[in-house]
Amino acid sequence: MEPFVKWAGGKRQLLTKIWERTPNKFDTYYEPFIGGGAVLFHLRPEKAVINDTNEQLINVYRQLKADPREVIRQVYKLDRGPCDKDYYLLRREEYNKKIANKELDAECAAYMIWINKHCFNGLYRVNNKGLFNVPYNNKQTGKSIDEANLMNIGYYLQDADVQIYCKDFEDVCNEIKENDFVYFDSPYIPVSETASFTDYTKDGFTYDDHVRLSELYKSLASKGVKCMLSNHDVDLVYELYNDKSFKIDQMDVKRNINSNAKKRRGKEVIITNYEI
Ligand SMILES: C[S@@+](CC[C@H](N)C(=O)[O-])C[C@H]1O[C@@H](n2cnc3c(N)ncnc32)[C@H](O)[C@@H]1O
């Protein structure tokens, strides 16, 4: 299984490092910022709780769990037309109507997947009304989906015990118990804008949210929960996770979703609170 969308902060490159640091034994796996799901699909836990505040993204997980065939059928319907700019903009308009009407069904999931493949850089960006506004990527060809992959994801979500939520990360962590394993991959702290970070809301994830997340991490760690967290290698991370029992490992990562080529390489950290 692989992510069904290109997603900012996708974890494909860090997978081996995450895998190496994954505890050998745990009860339930929690991923409160699931995004494209690269880590979940790699680890394939038997019991998991996944969450994200992006309603459209979570709808795709729910629809794939309910009926992957129907999602695939709906994507193929969208694939029937020639994917030029006009066709893309019309589909985007239809998708936005569904968002505005809160029609969270298999068709909406198909739009989400299809548009992610045909929009610029696989970005997900909405205006202040919550409507999707990313332009066309100017590529007429290319498959919109890997059918077998979507079927495998659907079967996995059905067969394993996977609960799917759309809430704030803190609300989904209330039930985490000792010996559960949680991986936090929140929107990252910006590398250069630290000075103005208190106003930083591009991803809707502020300085206060990062403080809240670090407090949650510490409180879970003190209960014996196995916690892993990734972020940029910036000073604030060392301030927030300043605890002798936490291990902070640095690593180099190539970033794809960034139009400025100079900013494509950066250091990241993985923080853990346990020995493997
Ligand atoms: C960096 S992405 C996760 C990347 C993902 N692990 C992957 O491999 O693709 C962060 C995610 O956090 C979600 N998010 C932002 N604020 C949130 C919040 N307060 N609670 C839960 N999820 C949130 C975003 O919608 C986004 O999908």
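In this predicted model, the second largest pocket is lined by 23 residues. Those nearest the centre of this pocket are Lys 6, Asn 116, Lys 117, Lys 143 and Ser 144. Two elements, helix 6 (106–118) and helix 7 (147–159), each give two or more residues to the lining. Helix 6 provides the largest share, with three residues. The volume of the second largest pocket is about 450 Å³. Sorted by class, the lining of this pocket holds seven nonpolar, nine polar and seven charged residues.

Helix 6 also takes part in the lining of an enclosed space. A search of the whole structure for cavities of 30 Å³ or more returns one. The largest cavity contains about 40 Å³ of space, and its lining consists of Tyr 95, Met 112, Ile 115, Asn 116, Leu 123, Tyr 124 and Phe 132. Here too helix 6 is the main contributor, giving three residues to the lining. Six of the lining residues are nonpolar and one is polar, while none is charged. Asn 116 thus appears in both settings: it is listed among the residues nearest the centre of the second largest pocket and among those that line the largest cavity.

The ligand site is described next. The ligand is surrounded by 23 residues, and Trp 7, Gly 36, Asp 52, Asp 168 and Asp 185 are the closest of them. By class, this shell is made up of nine nonpolar, eight polar and six charged residues. The table lists three polar contacts between protein and ligand.

| Residue | Protein atom | Ligand atom | Distance |
|---|---|---|---|
| Gly 36 | backbone N or O | oxygen | 2.9 Å |
| Asp 168 | polar side-chain atom | nitrogen | 2.8 Å |
| Asp 185 | polar side-chain atom | nitrogen | 2.7 Å |

On its own, the ligand has 600 Å² of accessible area, and the protein covers 90% of this area. Asp 168 and Asp 185 each place a polar side-chain atom by a nitrogen atom of the ligand, at 2.8 Å and 2.7 Å respectively. Gly 36, by contrast, approaches an oxygen atom of the ligand through a backbone N or O atom, at 2.9 Å.

At the level of the whole chain, the domain assignment divides the protein into domain 1 (12–53 + 167–272) and domain 2 (63–148). Domain 1 is therefore written as two segments, whereas domain 2 is given as one, under an automatic or database domain assignment. The C-alpha centres of the two domains are 28 Å apart.

Key. Residues numbered from 1 in each chain as written. Predicted model: local features only at pLDDT ≥ 70, side-chain atom pairs only at ≥ 80, totals over all residues. Heavy atoms only, no water. Near = heavy atom within 4 Å. Polar contact = N/O pair within 3.5 Å; in protein donor to acceptor, adjacent residues only side chain to side chain. Areas by Shrake-Rupley, 256 points an atom, 1.4 Å probe, with all protein chains shown as cover. Nonpolar A, V, L, I, M, F, W, Y, C, P; charged D, E, K, R; others polar. 1 Å grid on protein atoms, 1.4 Å probe; cavity = no way out; pocket = protein on both sides within 12 Å on 5 of 7 lines; lining within 4 Å. Points joined across faces, edges and corners; volume = space filled by probe spheres on them. Helix = DSSP H or I, 4+ residues; strand = E, 2+ residues; numbered from the N terminus.
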